[in-house]
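Below are some notes on how parts of this model fit together, set out as numbered points. Please read them with the coordinates open.

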Amino acid sequence: MSLNLSADQPAVPDDADDGVWLECIECGETFAPFADVRYTCDECDGLLEVRYADLPTFGDFEGQGVWRYTAALPLEEGVTTQEGATPLYEVPRLEDEIGVEALRIKHEGMNPTGSFKDRGMTVGVAVAKELGVDRLACASTGNTSAALAAYGSRGGMETLVLLPAGKVAAGKVAQASLHGARILEVDGNFDACLDIVQELAAKGEAYLLNSLNPFRLEGQKTIGLEILEGFLSDYDAVPDRIVLPVGNAGNTSALYKAFRELVQAGALDESEVPKLVGVQAEGAAPMVEAIENDADEVRRWDDVETRATAIRIGNPVNAPKALPGIRETGGTAISVTDEEITDAQRDLAGEGIGVEPASAASVAGLRKLRAEGVVSDDERVACLTTGHLLKDPDAAAAAGSDPEPVPAETNGVLATLASENSSDQ
Ligand SMILES: Cc1ncc(COP(=O)(O)O)c(C=O)c1O
Ligand SMILES: N[C@@H](CCOP(=O)(O)O)C(=O)O
């Protein structure tokens, strides 16, 4: 099986349920979608994708948010807190400074729990209910755990999250905790947590809701659909390029699937599909390594480090879906330093957009690619910012300026205002 853009719509197998089925991206084996719990192929362990007998075009969408795109989703309703419909901000100063025809920021930090994970969970948790499971679990660098805890509690289900000890931003742990998840802090990195959660899921201890779960990625497809609709409405054309931070590579896979389905439905010409550009932190860049080396597989990095803790991931499990997404769209992958990430975080904040460090990687990557001449000045680009500033208050405080102590009287305040701001020097 190849995930190419011009692949024909597959024949509907006998095990389809109401025109929906699961299919292995490696060997093509098909499975009924809601009869049993499975995350990968029984035959070859390949990744699974949800397939549809009928694919929608733009005219088939109505309403707002993730569930506007019901025609492109496996269920008609989810466990919802009104996720999606996030802003597509204009950033005139950054657009000017980076030097592209148009730059828009799709700010996924404006979702209910402050990250794009809500789009996946509204679908994934609803499928879990359909399957009749009681305990949901994930490994997480923070945002998945916050979203799982919130949507699990909304669905009245037990949630278990495994976090790398000491490597998750404070806001995210607080969210998972208050929404009632049982939090286990693992003495290991995210990839080790995911190995364990996969084993727990295989033993039937919990239903896995990381992005290995094909249903979760269906919800995340709606990011791509919203970006395309936003650009069509404002520019009468889809973006030339979408730049996004990459960790486990779920979004890259999901956006590519959204575009492939539009091409198959005849709603988008193959030549119009936006180039997908993945950005990783230098200290955690296995996807970039694979793209640069033209490799078929991604090598697992055992030691990963970056200030952008959300993308501190060395073994992107969705690589077999994401590598074709980058290559088939004519995109690329690039790594950026932590300093470049923080600079971009400050620049976005300077346009009133508060993002966590991992999110700013997209803008840092675009800036670098523009400077290298890979992106040209006539391009219209969307950068995805994946999580809100308040997710990681420590990183925000470190990137911002320090408060200045003043006495509790006006003259003292005036004297301080008249002096140089020492934190600006
Ligand atoms: C804020 C943030 N940005 C980016 C990513 C990376 O997304 P993906 O795993 O879909 O590549 C994650 C988590 O993985 C995240 O939490
Ligand atoms: N950044 C992620 C890492 C896990 O990714 P997932 O998409 O596979 O759940 C997180 O927030 O935990």
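1. In this predicted model, helices α10 and α11 are roughly perpendicular to each other, because their packing angle of about 100° falls in the range of 65 to 115 degrees that counts as such. Helix α10 covers residues 338-349 and helix α11 covers residues 357-371, and their axes lie 7 Å apart.

2. On the α10 side, the contact is made by E340, I341, D343, A344, Q345, D347 and L348, while α11 contributes P357, A360, A361, V363, A364, R367 and K368. Sorted by class, this contact of α10 with α11 has eight nonpolar residues, five charged residues and one polar residue.

3. The second helix pair to examine is α2, residues 117-131, with α3, residues 143-154, which pack at an angle of about 40° with their axes 9 Å apart. That angle makes α2 oblique to α3, and the crossing in which α2 passes α3 is right-handed.

4. From α2, the residues that make this contact are K117, D118, M121, T122 and V125, and they meet N143, T144, A147, L148, Y151 and G152 of α3. By class, the contact of α2 with α3 comprises five nonpolar, four polar and two charged residues.

5. Ligand 1 is surrounded by 14 residues, of which G247, N248, A249, N251 and T386 are the closest. Two of these also appear in polar pairs: a polar backbone atom of N248 is 2.7 Å from an oxygen atom of the ligand, and a polar side-chain atom of T386 lies 2.6 Å from a nitrogen atom of ligand 1.

6. K117 deserves a separate remark, since this residue of α2 takes part in the contact with α3 and also has a polar side-chain atom 3.3 Å from an oxygen atom of ligand 1.

7. Around ligand 2 there are 13 residues, and those that come nearest are S140, T141, T144, S211 and R216. For S211, a polar side-chain atom lies 2.6 Å from an oxygen atom of ligand 2.

8. Two residues of α3 that belong to its contact with α2, N143 and T144, should be inspected beside ligand 2 as well. For N143, a polar backbone atom is 2.9 Å from an oxygen atom of ligand 2, whereas for T144 an N or O atom in the side chain is 2.7 Å from an oxygen atom of that ligand.

Methods:
Residues numbered from 1 in each chain as written. Chains lettered and ligands numbered in written order. Predicted model: local features only at pLDDT ≥ 70, side-chain atom pairs only at ≥ 80, totals over all residues. Heavy atoms only, no water. Axes fitted to C-alpha atoms, helices over the stretch in contact; angles between N-to-C directions. Helix = DSSP H or I, 4+ residues; strand = E, 2+ residues; numbered from the N terminus. Parallel < 35°, antiparallel > 145°, perpendicular 65-115°, else oblique. Left-handed = near helix turned anticlockwise from the far one by under 90°. Contact = heavy atoms within 4.5 Å. Nonpolar A, V, L, I, M, F, W, Y, C, P; charged D, E, K, R; others polar. Near = heavy atom within 4 Å. Polar contact = N/O pair within 3.5 Å; in protein donor to acceptor, adjacent residues only side chain to side chain.
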